[in-house]
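Student: I am new to this structure. Please show me how to read its features.

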Amino acid sequence: MARSAQPVGISAWAGAAVAALVLTVIAVPLGAVMLRADASSGLGPADWAAVRFTVGQAFLSALFSVGLAIPVARALARRNFRGRSALIALMGAPFILPVIVAVLGLLTVFGRQGALSEILRLFGLPGVEIYGLHGVVLAHVFFNLPLAVRLILQGWLAIPVERFRLAATLGFSSRDIGRHMERPMLRNVLPGAFLVIFLICTTSFAVALTLGGGPRATTVELAIYQAFLFDFDLGRAALLGVVQVAICVIAGVFVLWVATPNAIGTGLDQPVERWDGQSRAARLLDGAFITAAALFLLLPLTAVVLRGAGAIATMPPSIWVAALRSIALSLVTASVAVGMALPMAMLIARGRARGFLETIGALSIAVSPLVIGTGLFLILRPIAGPTDMALPVTGLVNALAALPFVLRALVPAVEQAEAGYGRVALSLGLSGPNYLRHVLLPRLRRPLGFGAGLAAALSMGDLGVITLFAAPQQGTLPLEMYRLMGSYRTDDAQGAALLLLVLSLAIFWIFDRGGRVNAAV
Amino acid sequence: MLRFEQGLLRFDDFTLEADFEVAKGDRLAVLGASGSGKSTLLSAIAGFLTLDRGRVIVDGVDVTRTPAPKRPLSILFQEGNLFPHLTAFDNVALGLRTDLRLDEGTRARVNQALDRVGLAEMAARRPGDLSGGQRSRVALARMLLRGKPLALLDEPFAALDPGLRAEMLALMGELCADTGLTLVMVSHDLRDAERLCSHLLLLEGGQVALQGAMADVLRDPPEILRPWM
């Protein structure tokens, strides 16, 4: 394959060094986990139950997310209405929404004392029970339905408009359009969407921590956490870490095997021009699906805002301190993630060992942050007190977790910039730092801002590896909020949730907006 | 056969205005630069866009408000004419039965149409296994089979190499002569237009700059047509 003209030599070395560093930071802790794994006793009944629950809830979450997303995406694809773009933008929000905030919102709407239970009780019916399998699945559907909608909508909008026009002139009925156009598209898109969501749900920790638990609703990641903190059984925690990696690798291989659509893609704001589905019943049905999806996403968030607004002023000072800690951590995470992603993206765009580098960049999806955290804990324990390293380790692991997404935003932009200006720069003798400063960086402002915002927001809401390391006085805002929920200080938790929500959205917006201002086209 | 009467389509930054007629069996070439409104005009005739003013009359029937699926016409686009998961046979058969429930008689007609465009041996192939020219032939076979009196061509052969394009235009000419099909073809190549069409309409910035019989126009080409020659 032809390689693009590449005026930057130093960047190749920097990219290779970063790739080696990423590989080391993931592989060494993974090795430590494997060495420490106590395989002598094998997995006990509780561990097998955790494996079954992990796979089962991930399967159900993916099934419901994708199944419900089909009619919503179809409705969005063929209807044009005021607020359509805003709703599609909202579908991207759960990605940067802190899990713990969404869980509190879901509890407010669907919990024992939630709005839905209140309504059911008015009719003499029993309230709903959110803890356990259905709560975990509900939360995962809340997070992944929008992702599935965006993936499937992209498939719908990728059908050429000529094909819909052709269908119109051939007199296709809705059924014919379903058979000849929609089903072939869905056959291509659904397996990828299902597997991506399945993979995400197998590594979900915070949802299981807050809505699961107990012998019947423990994921492998939650079992690792429990083995760590409750039993301090490092051998078992490590063994479970190996099991978790095995689950993720198997799911990951399937994801790589099946072509996965790109959720970050743009161009979702134009509905497809089509002539079917104009009947009153079809319009009503589409309207019902769009409304239900919007309510499902908006009600919990609205509840967080409304309840939190009344409580935010009376929160204890420790919450504000935790918020400052989280802001600092997210800024460090964003810097590290972008600092790692930029040289790697430049090297990937060069086309050399592309597949290998992309695999390294995506490793943190397969090896969950909690497993990396477990490994780092095992490595650091003899050298330093793990709690002393809580924030640096959390920042590093969060940056690794964000790396695949930042790379996904950066690589196409680097390729485009180099394809457009690489040869001109080469002919002018622009290279090294000058090429970076005058050619590349001005063209990467948007994806850099977006990537940094994504990394910062993901770190701001993270409730993963910090739970393993943090001492009581070291909590980040999500951890403090979890502790408040655990001690039934609901008002303070509501206030913290609102603060966390605002901070997460704000930090993403500031970076993303900053990248757009004066960005080169 | 086709009357585009005082037609007007208004967009934010573009207006298309045209008034012309195509007699039964005539072949009209709509020539124009990119952005001149050629495809927009075709979309208005096909019913993909609704006129802000004026009428579209086909075979004496006012179809201005008739939805696209009910208009008596076939259309070929530059791309996306075939469904990639279906065989050439099924793609052609869609012209007769969109549910693809075919009896013996229907199957025979599909095979006949494929034979007519020289693709009888390729019936079982999918579009991905056919060349660009063969794909165009499959789409032509379907158009032929549908038997609609009006055919709209939105540069369907533009992506083919010159030799193949000439071959397809010749085949299209034969089919029109055999069936008495009325044709409106969008093009940005005067030589293609000359090969197939009996009449010419030149669009510039959404306005008709020239129209007339091809032979008359080419006998003494006006200044406006010189850049196209």
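Tutor: Start with residue classes. Ala, Val, Leu, Ile, Met, Phe, Trp, Tyr, Cys and Pro count as nonpolar, Asp, Glu, Lys and Arg as charged, and the others, Gly among them, as polar. In this predicted model, local features need pLDDT of at least 70 and side-chain atom pairs 80 or more, while totals for chains, interfaces and linings use all residues. Residues are numbered from 1 along each chain, chains are lettered from A, and side-chain values use heavy atoms, without hydrogens and water.

Student: How many residues of each class line the second largest pocket?

Tutor: The lining has 13 nonpolar, twelve polar and two charged residues. A pocket is an open set of points on a 1 Å grid over the protein atoms alone, where a 1.4 Å probe fits, with protein on both sides within 12 Å along at least five of seven lines; lining residues have an atom within 4 Å of a point. This pocket holds about 830 Å³ of space. Among the residues closest to its centre are Leu107(A) and Tyr131(A).

Student: Which helix gives the largest share of that lining?

Tutor: H10(A), with four residues. Helices are DSSP runs of H or I, at least four residues, and strands are runs of E, at least two, numbered from the N terminus.

Student: Why do Phe4(B) and Phe20(B) count as stacked?

Tutor: Rings of Phe, Tyr and Trp (its six-membered ring) pair if their centres lie within 6.5 Å; planes under 30 degrees apart count as stacked, over 60 as edge-to-face and the rest as tilted. Here the centres are 5.3 Å apart and the planes at 15 degrees, so the pair is stacked. Phe4(B) lies in strand E1 and Phe20(B) in strand E2 of chain B, so the pair ties together parts 16 residues apart in sequence.

Notes
Points joined across faces, edges and corners; volume = space filled by probe spheres on them.
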